[in-house]
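Colleague: I am new to this structure and would like a close look at a single part of it, the nonpolar patch on the surface. Please take me through that part slowly, and then set it beside the nonpolar interior.

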Amino acid sequence: MLTFQIIFSFAFLALYFSFINSMNEATDEMILDLASKIRSFGRIYPPVSWFSEGVWGNVGAYLLFFAVSGAVFLCVALAVGRYYGFICTHLTSNAAKRNYVMKEQKGKSALAACFFRERKRYFSSSAYVMNTAVGYIMTVVFVCVFAFGEMKVLLSQVPSDVVAKLAPFCIAALANIQPTTTNAISIEGKHFWLTQTLPVRMRDIAGAKLLLGLTLSVPCVTISSVIVAIAIRPSALDLFWLLLVSLLYAVFGCVLGLFVNLKLPMLHWDHESQPIKQSKAVGVDLVIVHAIIGMDKCTPTALGLKRFEKIFTA
């Protein structure tokens, strides 16, 4: 449900800005056409006409609009208030079937059960989703911009083998802005001790948190690497390097995030945005993983540096 709300919000913003841009280019004929449509709709639904006339200075129409709207609201509120208990009871209750037959029960492993618990906890928090998913979204968006947007001209000037050596580190740097594992322990808060009392091993609890992070990061870096490969058409060896390094850093980022969060947990907080945005583990992981990516990036960059320099010195 939360995922649908996020997608709907982005779609609504896109439609809103496109509508605003189109309105800036509207002509007088379009405005007149819109006014005629409002009048036509007002014949079917009179409150539209009352409101429109009230905007243009007809105080009587404005008062009529508010009076009718208030009367309808009052009637609905009285009806719902009178039968509120009856409505809630029938909405929340489930009728048991008389022909119910007990079937074979399916069990899950401890790791699978912990993973489904982590997944449910993750998508139930909008702050958790928005702050950790931004890195994965930015990765795919930036790769698409460089591969198919206006930056494609600049990308075409660089040898494909140089791009294949640099791209996995750029993808890894974006994808590891804030892995979910950097907050996986802190988000438990004061209830973390209850998690530890569950009849499962700590290895399964930590493995479920790591698996959730990999479920998001691995598809992200894989899709980004495939998009880069489609754009530059590298050799088989460069393609293998591109995919291998991207996936290794996706795993490394999640493992490092979980390790740092275990060492620097933030279990005492009043609002869930505090461990997500203000935890020490987030900052420490960000510095460490990007420092390692930067150092590792120097070696493959040096391999193609001479060819890269020729482009700008020619």
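Modeller: Helices here are DSSP runs of at least four residues, numbered from the N terminus, and by that numbering Tyr84 is found in helix 5. The model is a predicted one. Tyr84 belongs to a nonpolar surface patch that also includes Leu64, Val68, Val72, Val76, Val80, Tyr83, Phe86, Ile87 and Leu91, and together these residues have about 950 Å² of accessible area. Two elements, helix 4 (59-82) and helix 5 (84-92), each give two or more residues to the patch, and helix 4 gives the most, with five residues.

In soluble globular proteins, nonpolar side chains tend to be buried together. Turning to the interior, the largest nonpolar core has 18 residues, of which Val163 and Val228 touch the most other members. The elements that give two or more residues to this core are helix 7 (126-148), helix 9 (160-175), helix 11 (202-232) and helix 12 (236-263). Leaving aside residues up to four places away in sequence, Val228 touches Val143, Val163, Ala167, Ile171, Arg233 and Leu242. Apart from this core lies another, of 13 residues, with Tyr122, Ala127, Ile187 and Ala208 among them.

A last remark concerns two cysteines: Cys114 is buried, at a relative accessible area of 9%, whereas Cys170 counts as partly exposed, at 40% relative accessibility. With a cut-off of 2.5 Å between cysteine sulfur atoms, the count of disulfides comes to zero.

Definitions and conventions. Residues are numbered from 1 along each chain as its sequence is written. This is a predicted model: local features need pLDDT of at least 70, side-chain atom pairs count only at pLDDT 80 or more; totals for chains, interfaces and linings use all residues. Side-chain values use heavy atoms; hydrogens and water are left out. Buried means under 20% relative accessible area, exposed over 50%, partly exposed in between (1.4 Å probe, protein chains only). Patches are made of residues with over 30% relative accessible area and no salt bridge: like charges are joined within 9 Å, nonpolar side chains (Val, Leu, Ile, Met, Phe, Trp, Tyr) within 5 Å. Accessible areas come from the Shrake-Rupley method with a 1.4 Å probe; for residues, only the protein chains shown count as cover. A salt bridge is a side-chain nitrogen of Lys or Arg within 4 Å of a carboxyl oxygen of Asp or Glu. A nonpolar core is a set of buried Ala, Val, Leu, Ile, Met, Phe, Trp, Tyr and Cys residues joined through side-chain atoms within 4.5 Å. Contact means heavy atoms within 4.5 Å.
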